[in-house]
Amino acid sequence: MITSFILPSILLSAQLHNGCPVPASNSSLTIQERLSRFETVELTGNLSRFTTGDLQAVNKLIKVAHLLDRVYVRQVAPGNEELYNKLVECSAAQPDLLQLYKLFRGPWDLVDEEQPYIEGVKPRPDTANFYPVDMSKYEFEAWLETLSQKERQEAKGFYHVIRRGENQTLEAVPYSLEYQDLLEPAAKLLQESATLVSDASLSRFLNSRGSSLLSNEYLESELDWINVSDKSPLEITVGPYETYDDKMNSYKASFEIFIHARDFESTALLKVFEESLPMVEKDLPVGDRYKNKHLRSTPIVVVNELYNGGDATVPMTAAYNLPNDEQAIKRGGSKLVIIKNVQESKFKSILVKIADTLLDPEQIRYVDFEAFFNHILLHEVSHSNGPHETVQEPRVPIRSRLQEYHSTLEEAKADITGLFAAKLLFDQGSFKNTSMENFYVTYLASAFRSIRFGLNEAHGRGQAAQLNYLIDHGGFVYDPKSQRFRVDFAKIEEAVKSLVRDIMVIQGDGDKRNAENFLNTYGINRDYTQLALEKIAKIPIDIQPQFTITGCLGHLQ
């Protein structure tokens with residue numbers, strides 16, 4: 001018997017068969033085929049420096065991850081949590097459907113243009129569950145004009161959802177209240193973990209972050225996170241950070257947690273990058289007014305992932321540069337976390353196979369893990385480079401002007417500026433075993449790895465824009481006869497500089513129309529990209545983790 005399962009939203013209405021959600025009938029892929037695109041890999045780290053207290057803290061932090069999974073599921077869309085509960089009820093009959101849901105944290109395939117894979121589910125809302133689903137952008141912006149400066153900051157800030165109050169008027173509700181049932185126990189577990197860990201600075205962060213979940217004030221705990229000692233064997237990132245799910249405005253942050261073991265040996269090898277930011281900023285191919293006047297050296301930590309939760313969907317994060325809060329960055333800078341075991345797994349499982357299929361045979365030899373690893377590092381460092389506020393007065397955060405285009409352009413900026421920075425560092429002798437040919441060719445192969453995530457995803461569309469721009473400017477070349485790609489080593493350096501300049505000027509000007517035109521011109525899949533994607537269709541798109549610290553796959557419990 002087929003029935004409808006009406007969720008508390010007009011956007012989610014799953015069909016049921018014998019009481020269980022039904023896979024989408026018009027899908028080109030089965031649930032099993034969707035799962036097969038992700039290669040299962042074991043992820044672990046060196047725990048030899050962990051004390052008994054550290055291990056006990058990890059057990060509590062994994063429970064925090066379970067709670068933040070639920071918070072994030074709630075943030076994705078109205079009705080999403082109820083759909084998840086229904087899938088859990090039906091897990092014995094439909095284990096693959098639940099497993100796929102756990103990878104995406106929702107009923108939309110995040111690497112297939114967000115197509116619903118459950119019958120009856122409507123398109124993913126740009127509002128996520130941060131705003132009323134019936135709220136237009138015009139209504140939101142008109143409401144902002146009625147608010148005081150403080151109220152407007154909260155409404156446009158990271159840590160408040162927008163709801164309808166009396167008489168259907170909009171109002172800002174703090175996360176601490178909206179998710180109180182889950183954040184209160186999470187805060188208690190964080191503060192219990194703080195009493196167990198061996199490093200005092202990590203203890204301070206876990207304690208203050210627990211307080212932040214209750215107070216909705218995150219600035220001081222952001223600074224505590226930045227200042228966790230480089231002697232701590234545990235590296236924990238927890239809180240509301242990324243704004244990708246808010247496709248209407250890129251204002252609202254999603255909750256996540258990463259539990260890492262610090263890789264002391266690899267971290268020591270990368271100290272040179274902490275000092276590279278000012279040099280890169282000085283040589284950026286833009287006018288001085290587009291350069292960052294508040295640049296800080298970025299601490300770099302190399303880690304191996306032990307567990308994650310919340311906004312930690314596939315494709316798996318290989319590195320991050322946080323915080324995103326502009327006030328925290330002004331006061332304390334940022335910290336770059338490089339996840340080495342995730343990067344190694346992606347390179348071996350995916351990138352090498354893509355290169356063999358799509359690149360000029362003469363250039364495949366240049367594909368190199370060190371180039372891949374260092375470019376991801378430089379990508380994250382380069383988020384700090386260039387303008388973060390508009391160059392015209394009054395100076396405001398760029399994301400408030402570019403809104404739904406901000407995340408995509410920011411990822412593209414970090415990608416291409418990282419490649420620009422690689423050339424500067426190479427010229428000063430920072431890379432002993434990696435050539436610029438390695439960087440450029442590996443970057444070209446990696447473009448297709450990211451584009452496969454889909455144009456609805458910021459990294460995917462950002463890479464599509466870079467690929468097309470660099471082809472149009474001669475740095476990359478497509479041969480229609482062989483249907484393969486290569487780097488033109490004589491032109492790539494100038495093409496990279498040109499792209500860095502164009503993106504940073506759009507950002508610094510806060511020019512939303514130019515941002516839209518740029519992405520409509522370049523952030524698309526042209527015929528050669530579509531053909532390339534068909535050729536690599538059977539290569540895994542990404543990895544799915546099996547965290548050996550608990551011996552289980554998936555953790556929505």
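Contact here means that heavy atoms lie within 4.5 Å. The structure is a predicted model, and this briefing takes up a buried loop residue, a five-stranded open sheet, a pair of packed helices and the two sides of helix α23.

**Residue M135**

- M135 sits in the loop between β6 (115-116) and α5 (137-144).
- Because buried means under 20% relative accessible area, M135, with a relative accessibility of 4%, counts as buried.
- Leaving aside residues up to four places away in sequence, M135 touches T127, F140, I162, R164, L170 and M248.
- Between M135 and N216 the C-alpha to C-alpha distance is 24 Å, and the two are 81 residues apart in sequence.

**The open sheet**

- Five strands form an open sheet in the order β9-β10-β11-β13-β12, and their pairing is mixed.
- At its edges are β9 (234-240) and β12 (319-322), each of which pairs on one side only.
- On average, and with direction ignored, neighbouring strands of this sheet are turned by 35° against each other.
- Within the sheet, β10 (residues 255-262) and β11 (residues 300-310) pair in the antiparallel sense over seven bridges, and H260 has E305 in β11 as its bridge partner.
- Helix α9 (residues 200-215) packs on the sheet, where it touches β9 and β10, and the direction of α9 makes about 15° with that of β9.

**Helices α2 and α3**

- Two packed helices are described by the angle between their axes and the distance between the axes.
- For α2 (residues 52-76) and α3 (residues 80-89), the packing angle is about 125° and the axes are 7 Å apart; α2 and α3 are therefore oblique to each other.
- On the α2 side the contact involves R70, V73, R74 and V76, which meet N80, E81, Y84 and N85 of α3.
- Sorted by class, the contact of α2 with α3 comprises three nonpolar, two polar and three charged residues.

**The two sides of helix α23**

- In helix α23 (residues 527-535) the buried residues are Y528, T529, A532 and L533; because these cover an arc of only 135° around the axis, they lie on the same side of α23.
- The face of α23 turned away from its buried side carries the exposed residues D527 and E534.
- Among the elements that cover the buried residues of α23 are the helices α15 (340-358), α19 (436-451) and α20 (458-472), together with the strands β14 (476-479) and β15 (484-487).

Notes. Residues are numbered from 1 along each chain as its sequence is written. This is a predicted model: local features need pLDDT of at least 70, side-chain atom pairs count only at pLDDT 80 or more; totals for chains, interfaces and linings use all residues. Side-chain values use heavy atoms; hydrogens and water are left out. Buried means under 20% relative accessible area, exposed over 50%, partly exposed in between (1.4 Å probe, protein chains only). Helices (H or I, at least four residues) and strands (E, at least two) are DSSP runs, numbered from the N terminus. The arc is that of the directions from the helix axis to the C-beta atoms. Two strands pair if DSSP finds at least two bridges between them. Axes are lines fitted to C-alpha atoms, for helices over the stretch in contact, and angles run from 0 to 180 degrees between N-to-C directions. Angles under 35 degrees count as roughly parallel, over 145 as roughly antiparallel, 65 to 115 as roughly perpendicular and the rest as oblique. Ala, Val, Leu, Ile, Met, Phe, Trp, Tyr, Cys and Pro count as nonpolar, Asp, Glu, Lys and Arg as charged, and the others, Gly among them, as polar.
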